[in-house]
Amino acid sequence: MQEQYRTVAREGVHETEINRSRFICALAPAATEQEAQDFVARIRRQHPTATHNCFAYVIGADAAVQKASDDGEPGGTAGVPMLQMLMRREIRYAVAVVTRYYGGVKLGAGGLIRAYGGAVGEALDALGTVTRQRFRLATVTVDHQRAGRLENDLRATGRAVRDVRYAEAVTIEVGLPDADVGAFRAWLADTTAGTAELELGGEAYGDV
């Protein structure tokens, strides 16, 4: 698994005008290829009279799935530059749709490539990106007497508390960088006088 990846901070739209053509870039995070395709379909429904609805998406922290469409623009002048912009910015798990309303002035192949790639770049700048870091999920089980203080200590030391559940004992789920597991185990034993149990789970990604 990749140690980390960047993605779009939120869904949003950024519009720019080039030689009287409107270029409207809609960006969104997408956890799966199906989510990306659903987003493309939704944007197309919102702009049924647009000249083109071109798209690109990258799914997977390792960019395993990459798709692009020129939607009627000359081959390689729309979807590919959009995809290249996402890849150049190291964006993953994201989808971009650039809707074009033709303004009567032809841009030529070079102009189109700059316009479509640029629309995605400007939208990324406007909406912002977030970095997600690979974590090892760990479950700490502790008695009620120590739970409140332990949770406070975890948060105070900057550890990612993902969930807290109260039953006969209290379970606190945290996200740890792999390199921190040994030190965390020692810290936990020291903090709880050896009364807490630590169980390591799978891996996931969380915000840095």
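**Exercise 1. In which hand does α4 pass α5?** Describe the packing of this helix pair.

*Solution.* Start with the ground rules. This is a predicted model, in which local features need pLDDT of at least 70, side-chain atom pairs count only at pLDDT 80 or more, and totals for chains, interfaces and linings use all residues. Residues are numbered from 1 along each chain as its sequence is written, and side-chain values use heavy atoms, with hydrogens and water left out.

Step 1: handedness. α4 passes α5 in a right-handed crossing. Right-handed means that the near helix is turned clockwise from the far one by less than a right angle; anticlockwise is left-handed.

Step 2: location. Helix α4 covers residues 144-156, and helix α5 covers residues 181-191. Helices (H or I, at least four residues) and strands (E, at least two) are DSSP runs, numbered from the N terminus.

Step 3: geometry. The axes of α4 and α5 come within 11 Å and cross at roughly 145°. Axes are lines fitted to C-alpha atoms, for helices over the stretch in contact; angles run from 0 to 180 degrees between N-to-C directions.

Step 4: contacts, meaning heavy atoms within 4.5 Å. From α4 come Leu-150, Asp-153 and Leu-154; they meet Phe-184, Trp-187, Leu-188 and Thr-191 of α5. By class, five residues of this contact are nonpolar, one is polar and one is charged. Ala, Val, Leu, Ile, Met, Phe, Trp, Tyr, Cys and Pro count as nonpolar; Asp, Glu, Lys and Arg as charged; the others, Gly among them, as polar.

**Exercise 2.** Treat the pair α2 and α3 in the same steps.

*Solution.* Step 1: α2 passes α3 in a right-handed crossing.

Step 2: the axes of α2 and α3 come within 8 Å and cross at roughly 35°.

Step 3: Pro-81, Met-82, Met-85 and Leu-86 of α2 make the contact with Ile-113, Tyr-116, Gly-117, Val-120, Gly-121 and Leu-124 of α3. The classes are eight nonpolar, two polar and no charged residues.

**Exercise 3. Which element gives the most to the largest nonpolar core?**

*Solution.* Step 1: define the set. A nonpolar core joins buried Ala, Val, Leu, Ile, Met, Phe, Trp, Tyr and Cys residues through side-chain atoms within 4.5 Å. Buried means under 20% relative accessible area, exposed over 50%, partly exposed in between (1.4 Å probe, protein chains only).

Step 2: find the hubs. The largest core has 26 residues; Cys-25, Leu-27, Met-82, Val-98, Tyr-116 and Val-120 touch the most other members.

Step 3: list the elements. β3 (21-29), β4 (52-59), α2 (79-88), β6 (94-101) and α3 (108-127) each give two or more residues. α3 gives the most, with eight.

Step 4: inspect one hub. Beyond its neighbours within four places in sequence, Val-120 contacts Cys-25, Met-82, Met-85, Leu-86, Ala-96 and Val-98.

Step 5: look elsewhere. A second, separate core has 16 residues, including Val-161, Val-174, Leu-176 and Leu-188.

**Exercise 4. Is Asp-62 buried or exposed?** Place Asp-62, then turn to Thr-99.

*Solution.* Step 1: Asp-62 lies in the loop between β4 and β5 (65-69). These strands form a hairpin with five residues between them, and Gly-60 in the turn has a positive phi of about 105°. β4 and β5 run antiparallel, joined by five bridges; pairing requires at least two DSSP bridges.

Step 2: Asp-62 is exposed, at 53% relative accessible area. Residues up to four places away in sequence aside, Asp-62 touches Gln-2 and Arg-92.

Step 3: Thr-99 is in strand β6. Thr-99 is buried, with a relative accessible area of 1%.
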